[in-house]
Amino acid sequence: MNGVPYRLGLPAWAFPGWRDRFFEDRPSRLASYAHVFNTVEGNTTFYRVPDANSVARWRDALVERDFRFCLKLPREVTHERRPDLQMLDQFLSAIRPLTTHLGPVLVQFPDTVGAADLKRYTPVLDTVAERHRFVVEVRHRDFFTSHDALAETLNTYGAGRVAFDSRPLFEGDLAHPDVRKARHEKPNVPVVDTVFNDLTLIRLILHPDLTSNGPYIADWVERVARCIERDTETYMMIHCPNNQHCPPLARDFHGALNNRLDGTLPELAAWPVPRRQGLLDF
């Protein structure tokens with residue numbers, strides 16, 4: 001994916017169902033993943049700050065790779081009424097060795113944080129902005145009834161807004177067992193793809209019934225194509241309640257985008273692990 005005009009990734013680089021099917025442990029699972037994709041959404045940092053040895057291994061796995069981590073701020077920083085600024089400093093110090101492999105930091109606020117609550121997170125955003133670009137994901141209804149509620153904050157810091165799309169979960173087959181669980185975990189909010197400060201990160205949650213995803217993939221192919229044509233820094237993260245499907249769904253998206261752009265994109269690298277089965281045979 002070196003030189004591709006957008007970044008495509010998954011919610012993780014290590015999932016048990018991917019091992020020895022899509023990615024392998026030699027020389028490392030991250031290196032194998034980065035052979036195919038050029039970004040990743042780092043959700044693990046929401047739950048714990050990585051230790052120095054882990055960060056060093058990540059950095060060493062990406063030598064000569066044009067790869068970016070989009071790491072989520074710890075929950076103690078964004079999901080508490082009193083943000084833990086000491087934890088924030090720990091996190092930012094821990095990830096510093098990743099240097100050029102750091103993409104925008106993901107600042108995710110829960111649905112309890114509305115427009116009136118943003119002021120108490122000013123110290124958090126000030127601190128992050130001193131070191132990194134960042135994107136903000138919001139879930140409170142304030143931010144979907146009035147786009148101005150977030151625009152001032154984003155423009156103050158030169159930040160982007162996360163475009164979150166869970167429509168496939170709520171408009172597809174609701175009886176699917178994976179979807180029943182995911183609907184309790186994922187917000188059902190309107191899709192807002194307004195680009196701020198030439199930066200966007202898209203989190204597309206596709207349906208585990210692969211036959212139902214076509215319209216949503218086609219929709220985002222068009223939106224991402226416009227971002228590329230406008231030179232927007234674009235990160236596309238492909239999710240699915242059953243993570244097993246994420247790699248082939250991302251390949252489907254990239255192929256459809258390549259068709260939309262008249263074949264100007266390079267193909268994704270072949271899966272590092274040889275496969276005897278078809279791509280979608282699970």
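Disulfides come first: this predicted model holds 0 of them. A disulfide is a covalent bond between the sulfur atoms of two cysteines. Cys70 takes part in none, and its nearest cysteine sulfur, on Cys227, sits 14 Å away. Cys70 counts as buried because its relative accessibility is 0%. Cys246 is also in no disulfide. Its nearest cysteine sulfur belongs to Cys240, at 5.5 Å. The cut-off for a disulfide is 2.5 Å between the sulfur atoms. Cys246 counts as buried too, because its relative accessibility is 0%.

Now turn to the aromatic rings. The model has 18 aromatic pairs. Take Phe109 and Tyr121. Their ring centres are 4.8 Å apart and their planes meet at 55°, so the pair is tilted. An angle from 30 to 60 degrees falls in that class, since planes under 30 degrees apart count as stacked and those over 60 as edge-to-face. Phe109 and Tyr121 both lie in the loop between strand S4 (105–108) and H5, 12 residues apart. Both are buried.

Phe134 and Tyr157 make another tilted pair, with 5.7 Å from centre to centre and 50° between the planes. Here strand S5 (residues 134–137) supplies Phe134, and helix H7 supplies Tyr157. The two residues are 23 apart along the chain. Phe134 counts as buried because its relative accessible area is 1%, under the 20% limit.

Some rings join into a cluster. Ring pairs link Trp13, Phe15, Trp18, Phe22, Phe23, Tyr33, Phe37, Trp58, Phe67, Phe69 and Trp271. Other rings have a charge over the face. Lys72 lies over Phe46, at 5.2 Å from the ring centre. Arg139 lies over Phe164, at 5.5 Å from the ring centre.

Next, the pockets. Which residues lie nearest the centre of the largest pocket? They are Pro11, Asn43, Thr44, Tyr47 and Asn243, out of 31 lining residues. The volume of this pocket is about 820 Å³. Strand S2 (39–42), helix H2 (52–60) and helix H9 (177–185) each give at least two residues to its lining. H9 has the largest share, with 4 residues. By class, the lining of the largest pocket holds 13 nonpolar, 8 polar and 10 charged residues.

The second largest pocket holds about 170 Å³ of space. Tyr157, met above in a ring pair with Phe134, is one of its lining residues. The others are Ala115, Leu118, Lys119, Thr122, Leu125, Ala149, Glu152, Thr153 and Thr156. Helix H5 (122–131) and helix H7 (148–157) each provide at least two residues of this lining. Which helix gives the most? H7 does, with 5 residues. The lining of the second largest pocket divides into 5 nonpolar, 3 polar and 2 charged residues.

Last, look at Tyr6, in the segment before strand S1 (7–10). Is Tyr6 buried or exposed? Tyr6 counts as buried because its relative accessibility is 2%. Ala52 lies 46 residues from Tyr6 along the chain. The C-alpha atoms of Tyr6 and Ala52 are separated by 29 Å.

Key
Residues are numbered from 1 along each chain as its sequence is written. This is a predicted model: local features need pLDDT of at least 70, side-chain atom pairs count only at pLDDT 80 or more; totals for chains, interfaces and linings use all residues. Side-chain values use heavy atoms; hydrogens and water are left out. Buried means under 20% relative accessible area, exposed over 50%, partly exposed in between (1.4 Å probe, protein chains only). On a 1 Å grid over the protein atoms alone, a cavity is a set of points where a 1.4 Å probe fits but cannot get out, and a pocket is an open set with protein on both sides within 12 Å along at least five of seven lines; lining residues have an atom within 4 Å of a point. Grid points are joined across faces, edges and corners, and a volume is the space filled by probe spheres set on the points. Ala, Val, Leu, Ile, Met, Phe, Trp, Tyr, Cys and Pro count as nonpolar, Asp, Glu, Lys and Arg as charged, and the others, Gly among them, as polar. Rings of Phe, Tyr and Trp (its six-membered ring) pair if their centres lie within 6.5 Å; planes under 30 degrees apart count as stacked, over 60 as edge-to-face and the rest as tilted. A charge sits over a ring if NZ of Lys or CZ of Arg is within 6 Å of the ring centre and within 35 degrees of the ring normal.
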